[in-house]
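Subject: Handover of a structure

Dear colleague,

Please find the structure below, together with its sequence. A summary of what was found in it follows.

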Amino acid sequence: MINKKKGAEFWVLFPATGQRFPIRYTHTLDQYEVALPNGTIYGGIYLSDLKRALKADFNKNAKVVMNAVE
């Protein structure tokens, strides 16, 4: 599954401001999480769950992107 692809980093990107925040995978909770500067933490078992939670609050102003790390 692409969610656990080795050598990949996932980020939440806010295109309007250019800010991006790293998504981390928490093994103890078995979910993906991102912490925003205001203290809000979004999470989900799959990246699609995380995208859905972000879309609910930010509509299309937040994107989940992947940077391959070699």
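Please note at the outset that this is a predicted model.

Confidence and overall layout

The mean pLDDT of the chain is 84, and 84% of the residues score at least 70. Among the elements of the chain, the highest mean pLDDT belongs to E3, at 93, and the lowest to E5, at 82.

The chain is built from one helix and five strands. Their order along the sequence is β-β-β-β-α-β. Of the 70 residues, 29% count as buried. Among the contacts in the chain with a separation of 6 or more, 39% are between residues 24 or more positions apart.

The nonpolar core

The largest nonpolar core comprises 14 residues, and Val12, Ile23, Val34 and Leu50 have the most contacts inside it. At least two residues of this core come from each of strand E1 (8–14), E2, E3 and H1.

Val34 may serve as an example. Beyond its neighbours within four places in sequence, Val34 is in contact with three other residues named above, Val12, Ile23 and Leu50 being among its partners. The remaining contacts of Val34 include Phe21, Pro22, Thr40, Ile41 and Tyr42.

Aromatic residues

The structure contains five aromatic pairs. One aromatic cluster is formed by Phe14, Phe21, Tyr42 and Phe58. Two members of this cluster are described here in turn.

Phe14 is situated in strand E1. With a relative accessible area of 12%, Phe14 falls under the 20% limit and is therefore buried. Setting aside residues up to four places away in sequence, Phe14 touches Gln19, Phe21, Leu36, Phe58, Asn61 and Ala62. Phe14 and Val64 are separated by 50 residues in sequence, while their C-alpha atoms are 9.1 Å apart in space.

Tyr42 belongs to strand E4, which covers residues 41–44. Its relative accessibility is 10%, so Tyr42 also counts as buried. Not counting residues up to four places away in sequence, Tyr42 touches Tyr32, Glu33, Val34, Leu36, Leu50, Ala53, Leu54, Asp57 and Phe58. With one of these, Asp57, the side chain of Tyr42 makes a side-chain polar contact at 2.5 Å. Tyr42 and Tyr32 lie 10 residues apart in sequence, with a C-alpha to C-alpha distance of 8.3 Å.

A further aromatic residue, Trp11, has Arg20 lying over its face, at 4.0 Å from the ring centre.

Strands E2 and E3, and the loop between them

Thr26 is part of strand E2. Thr26 counts as buried because its relative accessibility is 16%, under the 20% limit. Neighbours within four places in sequence left aside, Thr26 is in contact with Gln31 and Glu33.

Gln31 is found in strand E3, which spans residues 31–35. Its contacts, again without neighbours within four places in sequence, are Arg24, Tyr25, Thr26, Gly43, Gly44 and Ile45. The side chain of Gln31 also makes a polar contact with the side chain of Glu33, at 3.1 Å. Gln31 and Glu33 are thus linked to one another in this way, and both are contacts of Thr26.

Asp30 occupies the loop between strand E2 (19–26) and E3. At a relative accessible area of 39%, Asp30 lies between the limits of 20% and 50% and so counts as partly exposed.

Backbone points to inspect

Which residues have a positive phi although they are not glycines? Asp30, in the loop just described, has a positive phi of about 55 degrees. Asn59 likewise has a positive phi of about 55 degrees and is not a glycine. Asn59 is located in the loop between helix H1 (47–58) and strand E5 (63–68).

Summary

For a first look at the model, three places may be useful starting points. One is the core, with Val12, Ile23, Val34 and Leu50 having the most contacts inside it. Another is the aromatic cluster of Phe14, Phe21, Tyr42 and Phe58. The last is the loop between E2 and E3, where Asp30 is found.

With kind regards

Conventions: Residues numbered from 1 in each chain as written. Predicted model: local features only at pLDDT ≥ 70, side-chain atom pairs only at ≥ 80, totals over all residues. Heavy atoms only, no water. Helix = DSSP H or I, 4+ residues; strand = E, 2+ residues; numbered from the N terminus. Polar contact = N/O pair within 3.5 Å; in protein donor to acceptor, adjacent residues only side chain to side chain. Contact = heavy atoms within 4.5 Å. Buried < 20%, exposed > 50% of the residue type's maximum accessible area, 1.4 Å probe, protein only. Phe/Tyr/Trp six-rings, centres within 6.5 Å; stacked < 30°, edge-to-face > 60°. Lys NZ or Arg CZ within 6 Å of the ring centre and 35° of its normal. Core = buried A, V, L, I, M, F, W, Y, C linked by side-chain atoms within 4.5 Å. pLDDT = per-residue confidence, 0-100.
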